[in-house]
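Reader: I'd like to learn how to read a model like this one, feature by feature. Can you walk me through it?

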Amino acid sequence: MALARVERLTYSYPGAARPALADVSLEIHPGELVCLLGSSGSGKSTLLRALAGLVPHFHGGSFSGRVEVAGRETRSVKPSDLAGSIAIAFQDPEDQVVFTGVEHEVAFGLENLGVPPAEIHERAVEALERLGASQLAGRRTQDLSAGELQRVCVASALALRPSLLLLDEPTSQLDPEAAEGLLDLLTALGCAVVLSEQRPALPLERCDRIVFLEEGRVAVDAPQAEGLSWLAANHPAFLAHESVQVEAEVDGNPVCSVQGASHAYGDRVVVVPDIELRRGEVVALTGANGSGKTTLAKLATGLLGPAAGRVDLRGRASYLSQDPGRYVVAERADEEVGLGVDGDLDRAHRALRIVGLAGYGDRHPRDLSSGERERLGLASVLVTEPDLLVLDEPTRGVDPERKLELAALLRSQAADRATLVVTHDLVFAADVADRVVSIEPLREPVRA
């Protein structure tokens with residue numbers, strides 16, 4: 001018997017020109033792991049929200065068809081009424097966090113469900129332990145790295161012990177070891193899991209079924225082996241695995257050098273490794289969550305000042321943050337991109353075209369999908385023609401086919417600048433970089 005059933009679901013967000021989902025039908029059975037794939041903007045997040053009852057209750061819009069979970073039709077009950085059966089971890093963990101303390105954050109959902117107080121602490125600690133994040137229990141959420149915060153949000157969902165667990169790109173900011181640990185855990189949970197991913201190698205190895213969406217419609221819904229064959233014939237980029245990185249020698253002039261540098265966050269001092277970035281090369285910066293990658297990136301661009309050591313920057317730097325959608329200020333995509341070039345919309349439209357967003361100039365940035373907003377952010381930094389380009393997790397929310405296009409774009413422009421890419425996506429790192437610099441896990445924090 002199906003745990004969840006979607007029947008001919010068609011849904012449009014308020015004011016949208018076309019449906020986000022069109023005539024979607026599928027079933028989710030107890031205990032199965034479903035890998036939900038598709039290009040950016042294909043409707044994956046919307047389908048997860050529909051299964052959680054957030055569509056249409058929270059988002060409004062036009063809804064037809066039927067979604068039933070655990071015997072209840074989602075339009076007839078509130079999302080909060082489904083909370084005991086369903087748990088969801090959203091694409092952007094920054095927008096999900098409520099509390100400043102990690103353990104309080106994980107316990108929050110349990111308190112809302114009326115779990116006996118004596119059980120709440122035990123279940124919160126257990127969930128963090130299962131995610132390999134027990135060391136974060138006493139930390140403040142605002143002090144966590146993006147990957148650490150993502151693990152906390154997944155732990156919050158696991159603590160609810162749902163029958164149906166919905167995860168929207170849960171490994172997008174996890175280092176490879178943490179991502180593999182999470183996927184191993186999901187296969188052992190026993191509940192039904194629907195997992196949307198743009199780093200699909202690990203879930204494809206472990207899933208029971210593959211569902212692929214194209215423009216809001218189900219293109220394939222098949223068991224693992226059949227689904228893999230369909231991907232190989234139709235979307236082979238989704239099957240890419242990490243390849244061996246061959247370092248290339250680049251003789252360009254140094255644009256930025258970081259030596260003996262550190263930065264103080266209150267009384268916590270993060271020491272970063274030395275690095276030199278030369279014009280003409282693309283460097284991928286990898287390492288465990290919380291190892292100091294973003295600190296190094298911000299020191300290199302001058303967004304942070306060194307507490308010790310030296311940072312030499314020759315020329316102009318541009319930095320793309322991990323979640324550029326959080327910093328949108330304009331009402332139109334072209335105006336957002338034009339901010340960095342004194343409102344020059346001709347240059348803005350050229351930059352939008354380069355990143356595959358031609359014709360999107362009049363769209364509101366917040367109406368774009370996560371992957372489209374990531375490309376909008378990329379256009380906003382490319383348009384400034386910097387000497388140093390730093391991209392912090394630029395493939396977050398970007399499908400594998402777009403990642404190949406992004407790698408080709410950065411390679412084609414490599415001679416114009418020095419490029420530093422902070423990433424956990426080792427497939428992308430191998431495609432784009434001349435060399436890979438890996439930061440070792442951060443030592444016990446230095447106290448100032």
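Author: Sure, and keep in mind that this is a predicted model. Let's begin at the end of a helix: Gly302 follows α9 and has a positive phi, near 85°.

Reader: And the helix before that glycine, how do I read it? Is α9 mostly covered or mostly open?

Author: First the general idea: an α-helix has 3.6 residues a turn, so residues three or four places apart point the same way. Now the case here. α9 spans residues 293-301 and is mostly covered, with seven of its nine residues buried. Among them are Leu296, Leu299 and Ala300. Lys293 is buried in α9 too, as are Thr295, Ala297 and Thr301.

Reader: Okay, on to sheets. What is the strand order in the open sheet of four strands?

Author: In general, strands of a sheet pair through backbone hydrogen bonds, either parallel or antiparallel. In this open sheet the order is β2-β1-β4-β5, and the pairing is antiparallel. The edges are β2 (21-28) and β5 (72-73), each of which pairs on one side only.

Reader: How many bridges does β1 make with β2, and how many join β1 to β4?

Author: β1, residues 4-12, pairs with β2 over five bridges, in the antiparallel sense. Seven bridges join β1 to β4, residues 62-69, and that pair runs antiparallel as well.

Reader: Which residues should I click on to check the register?

Author: Try Ala4, whose bridge partner in β2 is Ile28. Then take Tyr11, which stands opposite Leu21 in β2. For the β4 side, look at Arg5, which faces Glu68. As a general guide, side chains in a regular strand alternate between the two faces of the sheet.

Reader: Last topic, cysteines. How many disulfides does a search of the whole structure find?

Author: Zero. The test is simple: two cysteine sulfur atoms have to lie within 2.5 Å of each other.

Reader: Why is Cys35 not bonded to Cys207, then?

Author: Because the two sulfurs are 5.1 Å apart, too far for a bond, even though Cys207 holds the closest cysteine sulfur to that of Cys35. Cys35 is also buried, with a relative accessible area of 1%.

Reader: And where is the nearest cysteine sulfur to Cys153?

Author: In Cys191, 17 Å away, and Cys153 is in no disulfide. Cys153 is buried too, at a relative accessible area of 4%.

Notes
Residues are numbered from 1 along each chain as its sequence is written. This is a predicted model: local features need pLDDT of at least 70, side-chain atom pairs count only at pLDDT 80 or more; totals for chains, interfaces and linings use all residues. Side-chain values use heavy atoms; hydrogens and water are left out. Buried means under 20% relative accessible area, exposed over 50%, partly exposed in between (1.4 Å probe, protein chains only). Helices (H or I, at least four residues) and strands (E, at least two) are DSSP runs, numbered from the N terminus. Two strands pair if DSSP finds at least two bridges between them.
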